[in-house]
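User: I'm new to this one and I'd like to know what stands behind the labels people use. Can we go through them one at a time?

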Amino acid sequence: MNKWTMCILIILVSLLILPATTPLLNADASTMVSLYVKTRVVIPGNLPWYPLIVIGDNRPSDVNAVDPPEVFYQAVNEAENALPLAVIGLGDHVGLGTPEQYNKLYGILNKTRLENIWMIPGNHDVTYSGLNGTGIDLWRQYIGPDNITIDDIPGWRIALIDSEADITTWDNQVKAAYNYTEGKHLILGFHRPLYPNVNHNLKSGYDTVLLNYMNNYGWPALVLQAHFHAWVKYSYNNTGFLIVGSAGAPLYSCSDVVTPGAECSSVYHYLVLTLYPNGTYTYTPIALGDDSGTLKVIPLNATAYSVVNSKKNIYREPVEYPVRLRFTAGKTVINIVAKIPASTSVVFSIDPVTHRLYISQNLDYYVYIMQGTSNQPIVINGISGGLDLSQFIQSGEISVETPSQVVKTETVTSTTIIYITRTVTKPTTITETTTVTQPTTIYTTISIVETQKITWTTTVTNTTTTTETFTERISSGEDYIYLVIVLTTVFLVGLVYVLTRKKT
């Protein structure tokens, strides 16, 4: 066989193999916008307080699996209802970092209204290396940069750095986190923990680099970590060290936490973190899974929401939960940021005629109003009962938003031996009806019923679509084109073989 014949055979075999080994993804890599860029919104610098959500280690137990665990969907849907000012991810958000896994994660988060998704990679996110590049290449393509510095929130710098980078890059990222802080309180976030000792910490040498900067330039106010699959809190040198370590990854035993004074709970969770411009902060580890309660924002009509909060912390105690509600009137966007008391529901309504905001009970809240293209909002501190917003709503009908719901897909697989197959999805519609009854003050579409306490009943119908994935024989369209290509390739390979045999 001469060299030309060999070249032709290699080319033909490559044409046959490559389509089968290269994944076909839903997103076009050349035009994809990363989650960081797609969701980036400048956070106003004049708000009274700033609610954030922190999540870590939502990878599945089977690292080859594409779909995240069920509790991760719960966390995403609760964040979607709460609509925080930012969502921080601390790594290990996929099993290996394959294109299919990133495509799935991207698709889940891209369906939400979430803003400012800031995520850093963990070891599982960057394991993959293949035809489509490395895990870190795919991370940057789908998720965004592997280190992020945010100075939006007054009094604070949030610096998220990559503990999976080489040690020189790690040094440079830590240095950048400390540069020009200008008196701001520093929050560091990275995947592998520094403190406490959980037998699952930073790689050797990385801790030395970090401690050198801390000792020379000041200890952070707060350090957010993951990697160890449990909730752990610890205080050292006036710095809070939190491990937010499992929104779905298999839980670890607290017996691995060997540092005295560290508190550990081996439960599925995420973190609600609230920052204040004066440098103080509060946080609540929120339970996921069974008996964890729910957070639901329900549009009652075009001008009213009901917020139902039955969420519990990791100790299964009912907790207050901050939410952000958006009303739109023409080019004016009205944001209400409120702390919803534990085990309660609250109605927020804007009268479409008087443009007065009514709230069914007293709580801690503020309103910020964005008008036109201005990035500097009008901020109004909340008062008991509501606010007169008429001077800010000049035109346009008032509308509310309906939070989306992301559902886990049920996968059914089958094997076909002889025939060429493809994977298809079958949509299944599920209708869920929820009735909420609570004594409160009812608002009509025109005016408020003065101080009259009656019972309202709200029936909410949520229609969601799940997909059943299965394998079937190719039957039409583009599938026949691929079949023709394969058969033609086989024919050409056979023809080359016959001609070669005749010459020899």
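Analyst: Sure. Let's start with a pair of residues: Y270 sits opposite I286, a residue of β14. Keep in mind that this is a predicted model.

User: What makes β13 and β14 a pair of strands?

Analyst: Two strands count as paired if there are at least two bridges between them. Strand β13 (residues 269-275) is joined to β14 by seven bridges, so the pair qualifies. The two run antiparallel.

User: Which sheet do they belong to, and why are β3 and β14 called its edges?

Analyst: It's an open sheet of five strands, ordered β3-β2-β1-β13-β14, with mixed pairing. β3 and β14 (281-287) each have a single partner strand, so one side of each has no neighbour in the sheet. On average, neighbouring strands here are turned by 20 degrees against each other, ignoring direction.

User: How do you know that α3 packs on that sheet?

Analyst: Contact means heavy atoms within 4.5 Å, and helix α3 (residues 70-82) touches β1 (50-55), β13 and β14. Its direction makes about 170 degrees with that of β1.

User: What does α3 give to the largest nonpolar core?

Analyst: Seven residues, and that's the most any element gives to this core. The core has 62 residues, and those touching the most other members are Y270, Y321, I334, I336, F348, Y365 and L389. Looking beyond four places in sequence, F348 has contacts that include Y305, L325, F327, I336 and Y358.

User: Which residues belong to the other core?

Analyst: That one lies apart and has 56 residues, including W49, L160, W170 and Y178.

User: Why is one face of α5 said to be lined by buried residues?

Analyst: Buried means under 20% relative accessible area. In α5 (residues 135-142), G135, I136, L138, W139 and Y142 are buried. Viewed down the axis of α5, they fall within an arc of 160 degrees, so they line one face of the helix. Their cover includes α2 (35-39), α4 (99-110), β3 (117-119) and β5 (133-134). After α5 comes G144, with a positive phi near 140 degrees.

User: What is the confidence of the chain, and where does pLDDT stay under 50?

Analyst: The chain's average pLDDT is 83, and 75% of the residues score at least 70. pLDDT stays under 50 over residues 15-27, where the model has 18 contacts beyond four places in sequence. It also stays under 50 over residues 412-482, with 131 such contacts in the model.

Definitions and conventions
Residues numbered from 1 in each chain as written. Predicted model: local features only at pLDDT ≥ 70, side-chain atom pairs only at ≥ 80, totals over all residues. Heavy atoms only, no water. Buried < 20%, exposed > 50% of the residue type's maximum accessible area, 1.4 Å probe, protein only. Helix = DSSP H or I, 4+ residues; strand = E, 2+ residues; numbered from the N terminus. Arc of directions from axis to C-beta. Axes fitted to C-alpha atoms, helices over the stretch in contact; angles between N-to-C directions. Core = buried A, V, L, I, M, F, W, Y, C linked by side-chain atoms within 4.5 Å. pLDDT = per-residue confidence, 0-100.
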